[in-house]
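Work through the exercises below with the sequence and the structure side by side. Try each task before reading its solution.

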Amino acid sequence: MADRSVSALLCALFLAIFHHAGGEIVKGSVQLNSGVFDKIIGKHRVVLVKFDETYPYGEKQDQFKKVAEASLSQPDLLVTEVQIADYGDKDNSDLAERFSVVKEDFPVYKLFIQGKPEPVQFTGDGKASDTADKVKKFIMKESGLWLGLPACLEEFDKLVSDFVKASKDARGAILQKAEDRAKSLTKEADKESAEVYIKTMKKVVEKGDDFIKTEIERVEKLKDGKVSDKKKEQLGSRLNILSSFEMRLKDEL
């Protein structure tokens, strides 16, 4: 009986501490509420808002943490969270109603960009385990800001942007720039990534822009197959670099 009482007391103490702290602190993220929402949103160029339940946890929250951490290197992006209560005073329920957010869809990501009257909603789906990369790609596509996906290099992503915009005759010069830049890289991982960028550019020059779509489909099929964890990681890195081409090609359509 005494043991049960002690357990109950410890549980109550934990919940009290957790409630007092407002839940877990997420590095790189700011919690917003109805009182400060518009003040914060209006002062930043790009704001990602995650609307969610109170005290979110689990795989979906872990994915959010990865997005928040990635934002630390991007000064023009603020990552935030609005926790919506459906009990008591129903904190922030007015924000949920204002932005047509329902708890059945939690977590809901919306991107607020200065100069645009309405936020853009993330509509990605699929496995929770790859949500972070999908959200980062969404942010890059909609805002033009750069966020480092695994294996991607900022300088080479900029070359990709120039590459897809260039005429067929001019693409060779940009490919040469990439090859010259790759020679000065010192980190082995960066060299490997640069090689993927260069090989992809060469294939696009040879086969045209449609190569990107077919190659993504091929690599995704391989990644979903029976391959080792190391090979799966390598294929994931290749997909991230291919997605850099894909996003920028879509921007040109």
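## Exercise 1: Helix 3 and helix 5

Helix 3 and helix 5 are oblique to each other. The model is a predicted one, and the task here is to find the angle and the residues behind that description.

Solution. Begin with the axes: helix 3, residues 59-70, and helix 5, residues 131-143, pack at an angle of about 40 degrees, with their axes 8 Å apart. An angle under 35 degrees would count as roughly parallel, and one from 65 to 115 degrees as roughly perpendicular, so the pair is classed as oblique. Next, look at the handedness, and find that helix 3 passes helix 5 in a right-handed crossing. Then list the residues: helix 3 contributes Q63, K66, V67 and A70, while helix 5 contributes T131, A132, V135, K136 and I139. Sorted by class, this contact of helix 3 with helix 5 holds 5 nonpolar, 2 polar and 2 charged residues.

## Exercise 2: Helix 7 and its two partners

Describe how helix 7 packs against helix 6 and against helix 8, giving for each pair the angle, the orientation and the residues in contact.

Solution. Take helix 6 to start with. Helix 6 covers residues 154-165 and helix 7 covers residues 171-182, and the two pack at an angle of about 170 degrees with their axes 9 Å apart. Because of that angle, helix 6 is roughly antiparallel to helix 7. On the helix 6 side the contact is formed by E155, F156, L159, D162, F163 and V164, and on the helix 7 side by R171, I174, K177, A178, R181 and A182. By class, the contact of helix 6 with helix 7 has 7 nonpolar, no polar and 5 charged residues.

Now turn to helix 8, residues 188-207, whose axis comes within 10 Å of the axis of helix 7, the two crossing at roughly 165 degrees. The cut-off for roughly antiparallel is an angle over 145 degrees, and helix 7 and helix 8 are therefore roughly antiparallel to each other. The crossing of helix 7 past helix 8 is left-handed. From helix 7, R171, L175, A178, E179 and A182 take part, and they meet A194, I198, M201, K202, V204 and V205 of helix 8. The contact of helix 7 with helix 8 divides into 8 nonpolar, no polar and 3 charged residues.

To finish, compare the lists for helix 7: R171, A178 and A182 appear in the contact with helix 6, and R171, A178 and A182 appear again in the contact with helix 8.

## Exercise 3: Two residues in strands

Decide for L111 whether it is buried or exposed, do the same for T80, and then name the residues that surround each of them.

Solution. L111 has its place in strand 4, residues 108-113. Its relative accessible area is 0%, and residues under 20% count as buried, so L111 is buried. Leaving aside neighbours within four places in sequence, L111 is in contact with V46, V47, L48, P119, V120, F138, I139, E142 and S143. One further distance can be read off, since L111 and L77 are 34 residues apart in sequence and 10.0 Å apart in space, C-alpha to C-alpha.

T80 lies in strand 3, and with a relative accessible area of 0% T80 is buried too. Again without the neighbours within four places in sequence, the contacts of T80 are S29, V30, L32, V47, L48, V49, K50 and F64. Both V47 and L48 stand in this list, and V47 and L48 also stand in the list for L111.

## Exercise 4: The backbone in three loops

Examine the backbone at P107, Y55 and N92, and say where each residue is found.

Solution. P107 is found in the loop between helix 4, residues 93-98, and strand 4, and the peptide bond from F106 to P107 is cis, with omega near -10 degrees. Y55 lies in the loop between strand 2, residues 46-53, and helix 3, where Y55 has a positive phi of about 55 degrees although it is not a glycine. N92 belongs to the loop between strand 3, residues 77-84, and helix 4; its phi is near 65 degrees, a positive value in a residue other than glycine. At 10% relative accessibility, N92 counts as buried.

Conventions
Residues numbered from 1 in each chain as written. Predicted model: local features only at pLDDT ≥ 70, side-chain atom pairs only at ≥ 80, totals over all residues. Heavy atoms only, no water. Axes fitted to C-alpha atoms, helices over the stretch in contact; angles between N-to-C directions. Helix = DSSP H or I, 4+ residues; strand = E, 2+ residues; numbered from the N terminus. Contact = heavy atoms within 4.5 Å. Nonpolar A, V, L, I, M, F, W, Y, C, P; charged D, E, K, R; others polar. Left-handed = near helix turned anticlockwise from the far one by under 90°. Buried < 20%, exposed > 50% of the residue type's maximum accessible area, 1.4 Å probe, protein only.
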